[in-house]
Amino acid sequence: MIEFEKVSKRYEGGHTALQGVSFEMSRGELAFLTGHSGAGKSTLLKLIMVMERPSAGNVIVGGQQLNALPRRQIPFIRRHIGVVFQNHQLLFDRTVFDNVAMPLEVTGVPHREIGRRVRAALDKVGLLSKEKMNPIQLSGGEQQRVGIARAVVNKPPLLLADEPTGNLDPALSADIMHLFEQFSQVGVTVLIASHDIALIRHLRRRVLTLSNGQMTTGDAMPGEEVLYGH
Ligand code: ADP
Ligand code: ADP
């Protein structure tokens with residue numbers, strides 16, 4: 001689903017954010033992306049979303065080589081990628097339902113189908129009973145789940161999350177991660193950028209680690225490299 005081949009990203013002004021990064025993720029795989037602040041995590045996610053272009057190397061998503069992608073095709077690629085942010089970027093002047101419906105409205109999905117898909121997404125995150133509320137009336141964890149419902153309402157094959165549990169306590173963070181695991185179990189590829197080392201260790205999933213723009217581990221859990229090579 002995702003393939004990076006010796007990808008480098010040098011921003012205008014000369015700063016190298018990523019250098020020679022190679023990894024692959026298959027369909028339905030869930031992995032964490034970790035590393036210090038400034039390591040290049042957001043840049044890596046932006047390359048997948050085609051918000052930035054690589055300076056060298058190849059980025060391939062869903063079999064599409066993104067380097068050569070014409071600008072006008074970018075919106076079509078983005079529709080296949082769900083994105084969850086730390087500050088969930090909900091609109092507080094509309095209901096939970098309308099927030100989740102937004103990605104469907106911009107793509108012209110018929111009205112009846114919107115209702116069905118929004119309710120299916122809210123059901124998956126356990127918020128079906130709150131569709132008429134304003135997000136401001138919800139707790140932080142619930143708001144984040146609305147953000148996740150909005151990210152998956154198009155049923156994207158790929159879900160990216162940038163520090164999705166940054167503002168949540170450990171129990172709520174574990175709930176959110178459990179939701180991501182459920183999506184990966186139905187075939188969604190999930191890549192989660194996170195600093196939350198304790199939670200990441202607990203979940204025992206693949207960890208991609210960036211350090212100063214280079215990928216230092218891509219296969220093993222931190223401290224469990226010994227499991228590989230047998
Ligand atoms: P992280 O998400 O791991 O904190 P980033 O990908 O945001 O890392 O940043 C990696 C490096 O690239 C940092 O040194 C950052 O300052 C730099 N950087 C990020 N975005 C830009 C930009 N638009 N222009 C110039 N430098 C940038
Ligand atoms: P329908 O297929 O009729 O639209 P649903 O919207 O309830 O019905 O989804 C059907 C199945 O697809 C569910 O089991 C759901 O978990 C799964 N699914 C596949 N891809 C995704 C995705 N990206 N996000 C959420 N669910 C997905």
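This is a short dialogue on how to read some features of a predicted model.

Me: What ground rules apply to this model?
Reply: It is predicted, so local features need pLDDT of at least 70 and side-chain atom pairs count only at pLDDT 80 or more, while totals for chains, interfaces and linings use all residues. Residues are numbered from 1 along each chain as its sequence is written, chains are lettered from A and ligands numbered from 1 in the order in which they are written, and side-chain values use heavy atoms, with hydrogens and water left out.

Me: Which domains does the chain have?
Reply: Domain bounds come from an automatic or database domain assignment. Here the assignment gives domain 1 as 1-80 + 156-230. Domain 2 is 91-155. Their centres, taken over C-alpha atoms, are separated by 25 Å. The contact (heavy atoms within 4.5 Å) takes 11 residues from domain 1 and 12 residues from domain 2.

Me: How is the size of an interface given?
Reply: Often as the accessible area lost when the parts come together. Buried area is that loss with a 1.4 Å probe, summed over both parts. Between domain 1 and domain 2 it is about 1,000 Å². Carbon and sulfur atoms give 77% of that area.

Me: Which element gives the largest share of the side of domain 1 that touches domain 2?
Reply: Helix 6 (residues 170-185), with 5 residues. Helices (H or I, at least four residues) and strands (E, at least two) are DSSP runs, numbered from the N terminus. By residue class, this side of domain 1 has 10 nonpolar, no polar and 1 charged. In that scheme Ala, Val, Leu, Ile, Met, Phe, Trp, Tyr, Cys and Pro are nonpolar; Asp, Glu, Lys and Arg are charged; the others, Gly among them, are polar.

Me: How many salt bridges and polar contacts cross between the two domains?
Reply: A salt bridge puts a side-chain nitrogen of Lys or Arg within 4 Å of a carboxyl oxygen of Asp or Glu. Between domain 1 and domain 2 the count is 0. A polar contact is a pair of N or O atoms within 3.5 Å; within protein, one must be able to donate a hydrogen and the other to accept it, and residues adjacent in sequence count only if both atoms are side-chain atoms. The interface has 1 residue pair in polar contact, both at pLDDT 80 or more.

Me: How many salt bridges does the structure hold?
Reply: It holds 8. One of them pairs K9 with E52, with the closest N and O atoms 3.5 Å apart. This pair links distant parts of the chain, 43 residues apart. K9 is in strand 1 (residues 2-10). E52 is in the loop between helix 1 (41-48) and strand 4 (56-61).

Me: Are K9 and E52 buried or exposed?
Reply: Buried means under 20% relative accessible area, exposed over 50%, partly exposed in between (1.4 Å probe, protein chains only). K9 is buried, at 8%. E52 is partly exposed, at 23%.

Me: Which salt bridge lies within helix 4?
Reply: E113 meets R116 there, at 3.4 Å from N to O. The two are 3 residues apart in helix 4 (residues 111-124), so about one helical turn separates them. E113 is partly exposed at 26%. R116 is exposed at 52%. Salt bridges that share partners join E113, R116 and R117 into one network.

Me: And what about D93 and R94?
Reply: They form a salt bridge too, with the closest N and O atoms 3.3 Å apart. R94 is partly exposed at 32%. D93 is exposed at 60%.

Me: Where does A31 sit, and what does it touch?
Reply: A31 is in strand 3 (residues 30-34). It is buried, with a relative accessible area of 0%. Leaving out residues up to four places away in sequence, A31 touches M25, V190, L191, I192, R206 and L208. T189 is 158 residues from A31 along the chain, yet their C-alpha atoms are separated by 8.5 Å.

Me: How does T216 read?
Reply: T216 lies in strand 10 (residues 214-217). With the same sequence neighbours left out, T216 touches T209 and S211. The C-alpha atoms of T216 and L66 are separated by 24 Å, with their positions 150 residues apart along the chain.

Me: Why is helix 1 called largely enclosed?
Reply: Because 6 of its 8 residues are buried. They are K41, T43, L44, L45, L47 and I48. Just after helix 1, V50 takes a positive phi of about 55°.

Notes. Buried area is the accessible area (1.4 Å probe) that two parts lose on being put together, summed over both.
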